[in-house]
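Biologist: Could you take a close look at a single part of this one for me, and then set it against the rest of the chain? Please give the cut-offs as you go.

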Amino acid sequence: AALENFDAAIDCFIHDTMNTVPHCRAQYAALEPHLAHRAVIFSVYFEPEFRAFCERNGFPHCEYIELPKDHWSPGRNCGIALGMPLCPRTIDGKEYT
């Protein structure tokens, strides 16, 4: 709902909220039309929804594993995606770079 009237391109997005399939799908679906073509997407969950989102939008992506030392969190498998400069994105007919 927060992105319904948003009219600027989003060039950096960090996904670190709930990791349920419906939530992830809704969050990525709301983000998709607003992505800048050089966007950087970070997720603390390297899950099928993140990979599908990246593949659907032509974003190369990779997994990396956090290995914290002396920390309460054991770490997790995270994902990062980088937009491609050759994939133009438009919002209401206006192209964003």
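**Strand β2 and its surroundings**

Modeller: Let's start with the whole thing: the protein chain has an accessible surface of about 6300 Å², and 57% of that belongs to carbon and sulfur atoms (Shrake-Rupley, 1.4 Å probe; for residues, only the protein chains shown count as cover). Keep in mind that this is a predicted model, where local features need pLDDT of at least 70 and side-chain atom pairs count only at pLDDT 80 or more, while totals for chains, interfaces and linings use all residues. Residues are numbered from 1 along each chain as its sequence is written, and side-chain values use heavy atoms, with hydrogens and water left out.

The protein chain has two helices and six strands (DSSP runs numbered from the N terminus: H or I of at least four residues for helices, E of at least two for strands). Along the sequence they come in the order β-α-β-α-β-β-β-β.

The part I'd zoom in on is strand β2, residues 35–43. Seven of its nine residues are buried, so β2 is largely enclosed by the rest of the structure (buried is under 20% relative accessible area, exposed over 50%, partly exposed in between, with a 1.4 Å probe and protein chains only). For comparison, 35% of the 97 residues of the protein chain count as buried.

What does β2 pair with? One partner is strand β1 (residues 10–15), in the parallel sense over five bridges; for two strands to pair, DSSP has to find at least two bridges between them. His15 stands opposite Ser43 in β2. To get from β1 to β2 the chain goes through α1, and this β-α-β crossover is right-handed (with the strands pointing away from the viewer, the path from the first strand over the helix to the second runs clockwise). Another partner of β2 is strand β4 (residues 77–82), this time antiparallel, over four bridges. There, Val40 has Leu82 in β4 as its bridge partner.

Just before β1 sits Ala9, which is partly exposed at 25% relative accessible area. Its C-alpha is 9.7 Å from that of Leu31, 22 residues apart along the chain.

Now for the helices. The structure holds four aromatic pairs (ring centres of Phe, Tyr and the six-membered ring of Trp within 6.5 Å; planes under 30 degrees apart are stacked, over 60 edge-to-face, the rest tilted). Tyr28 and Phe53 are stacked because their ring centres are 4.6 Å apart and their planes are at 20 degrees. The pair links distant parts of the chain, with Tyr28 in helix α1 (residues 21–31) and Phe53 in helix α2 (residues 48–56), 25 residues apart. Both Tyr28 and Phe53 are buried, and together with Phe46 and Phe50 they form one aromatic cluster. Across the chain, 58% of contacts between residues at least 6 apart in sequence join residues at least 24 apart (contact: heavy atoms within 4.5 Å).

On the cysteines, there are zero disulfides in the whole structure (sulfur atoms within 2.5 Å). For Cys54, the nearest cysteine sulfur is that of Cys62, 9.5 Å away. Cys54 is buried at 0% relative accessibility, and Cys78 is buried at 0% too.

One loop residue to look at is Asp70, between β3 (61–65) and β4. Asp70 is exposed at 75% relative accessible area, and its phi is near 55 degrees, a positive value in a residue other than glycine.
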